[in-house]
Each structure stands twice: as structure tokens, then as C-alpha cells.
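Subject: Structure handover

Hello,

Here is the structure you asked about, with the notes on it below. Please read them with the sequence and the model open.

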Amino acid sequence: LSLLDVKTGKFLFTLFTPNLKVYDCIKENNQYFMATESGIYYLEIKGNEIIQNFNSWKKLDQSYGLSPSASYHSCVQFKGSVYVSSTTEIYQWQNQKFNSVFLDPDYSVKYLAEGVNYLLIGLHCTTANCKEQLGYIDENLNLKLSNPDCTDQNLYAIESDDGTIWYADVR
């Protein structure tokens, strides 16, 4: 994990994570979340914590609402909340704990993307009962699904400022 100053082109720090793949990270105020192959790591800067010291980071476990053995691949901020996802479930950070907000045995979660009005969820069908989907979660945690014929292999989606949803697809 590194912080790059894009104006100067200089790296301000690098956090070395020994033998640990980091897939995503975000900062929410003074809190950092890192999605890795072996869990979510968390750091809250309260005083003298050093972000580039891996020993300062805490791996979140079941007492924080997460499986300590799951792989997590996405973290995003949406409407003032932090969301993380494993391949099967999406969680929202509230009151120093993650709560499940999405779990469907017919789908695996491919990605999360912050939109203007929605948290966008790339969903891969894992059974014969469905098709690839794009899910939309609003700030009240209401879930809508796109028309299943809108995408064949939903690679990624974004929502522009005017609310238009743009799909990346192989067709």
C-alpha cells in the first residue's frame, strides 16, 4: 500500500504487507480500511500511529462482524458509510462494526462502485436460476436489480453525476 503525491510524483510512504495481497483500500476521516486476501485490516489514527508500520493495523474478526478467514476484495465509501465485500457478501460499517447488507446464494459479488445515487454491485450468477446482474443499493439500503438482459458479462459499472449508469461489458 503506497501513497503517491500526483503533483510531485513522489511516494509519501509505502506500507509493506508481508506475503499479503491487498486488493483495495479507502480512508474515511481518520480511519483506514484495507481489503486483503485474508481479511479486512483497519487503522484509526488517534495520535502517534504510523500508517506504514503494519503492526499498527488490526485485522478485524468476528467480533467486528466479519469472518476472519474470508478474502475481501472491495472497499468503498457511499453516502458517508464504508462498505466492504467478500465474494459472497456485502457489509456496512456502523458503530465500529460491520453488518451484512447483502447475501444471495444465487450470486457472487464481483465488485462495488460508489455512484452518485447508488452503491453499484457487480453480481455474477453462480446457479442456473439467474443471469449476470448489476445491483443498485440506495442510501436506505434498498436493493434494485437491473434488467438481466442489460449485461452479459458485467465487468464494471459507474454512475455519472447526472445519474446515468455506464456498463463495461464484453459484448
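Strands here are DSSP runs of E of at least two residues, numbered from the N terminus. In those terms, Y72 is found in strand β7, which covers residues 72-78. Please keep in mind throughout that this is a predicted model.

Y72 itself is buried, because its relative accessibility of 1% is under the 20% cut-off. Its C-alpha lies 7.7 Å from that of Y23, although Y72 and Y23 are 49 residues apart in sequence.

Cysteines

How many disulfides does the structure hold? There is one disulfide. C125 and C130 form it, with 2.0 Å between their sulfur atoms. The link of C125 and C130 is right-handed, with 95° about the S-S bond. As a reminder, a disulfide is a covalent bond between the sulfur atoms of two cysteines. C125 counts as buried, with a relative accessibility of 12%.

Why is there no bond from C25 to C75? The cysteine sulfur closest to that of C25 is in C75, but the distance is 6.8 Å, which is too far for a bond. Looked at from the other side, the sulfur of C75 has that of C25 as its closest cysteine sulfur, again at 6.8 Å and too far for a bond. A disulfide needs the two sulfur atoms within 2.5 Å. As for exposure, C25 is partly exposed at 34% relative accessible area, whereas C75 is buried at 2%.

Strands and sheets

Strands of a sheet pair through backbone hydrogen bonds, either parallel or antiparallel.

Starting from the N-terminal end of the numbering, strand β1 (residues 2-5) and strand β2 (residues 10-14) run antiparallel and are joined by four bridges. S2 has T14 in β2 as its bridge partner. The hairpin of β1 and β2 has four residues between the strands, and G9 takes a positive phi near 75° there.

An open sheet of four strands follows the order β3-β4-β5-β6, with antiparallel pairing. Its edges are β3 (22-28) and β6 (58-59); each has a single partner strand, so one side of each has no neighbour in the sheet. Inside this sheet, β4 (residues 31-36) pairs with β5 (residues 39-44) in the antiparallel sense over six bridges. Y32 stands opposite L43 in β5.

Another open sheet of four strands has the order β11-β12-β13-β14, and its pairing is antiparallel. Here β11 (107-114) and β14 (143-145) stand at the edges, and because each has a single partner strand, one side of each is left without a neighbour in the sheet. From one strand to the next, the twist averages 25°. Five bridges pair β12 (residues 119-125) with β13 (residues 133-137) in the antiparallel sense. The bridge partner of L119 in β13 is I137.

Surface

Which residues form a nonpolar patch on the surface? They are L155, Y156, I158, W166 and V170, which together have about 510 Å² of accessible area. Of these residues, Y156 is placed in strand β15 (residues 156-159). Y156 is partly exposed, at 37% relative accessible area.

Regards

Terms used
Residues numbered from 1 in each chain as written. Predicted model: local features only at pLDDT ≥ 70, side-chain atom pairs only at ≥ 80, totals over all residues. Heavy atoms only, no water. Buried < 20%, exposed > 50% of the residue type's maximum accessible area, 1.4 Å probe, protein only. Patch = residues over 30% accessible without salt bridge, like charges linked within 9 Å, V, L, I, M, F, W, Y side chains within 5 Å. Areas by Shrake-Rupley, 256 points an atom, 1.4 Å probe, with all protein chains shown as cover. Salt bridge = Lys/Arg side-chain N within 4 Å of Asp/Glu carboxyl O. Pairing = 2+ DSSP bridges. Axes fitted to C-alpha atoms, helices over the stretch in contact; angles between N-to-C directions.
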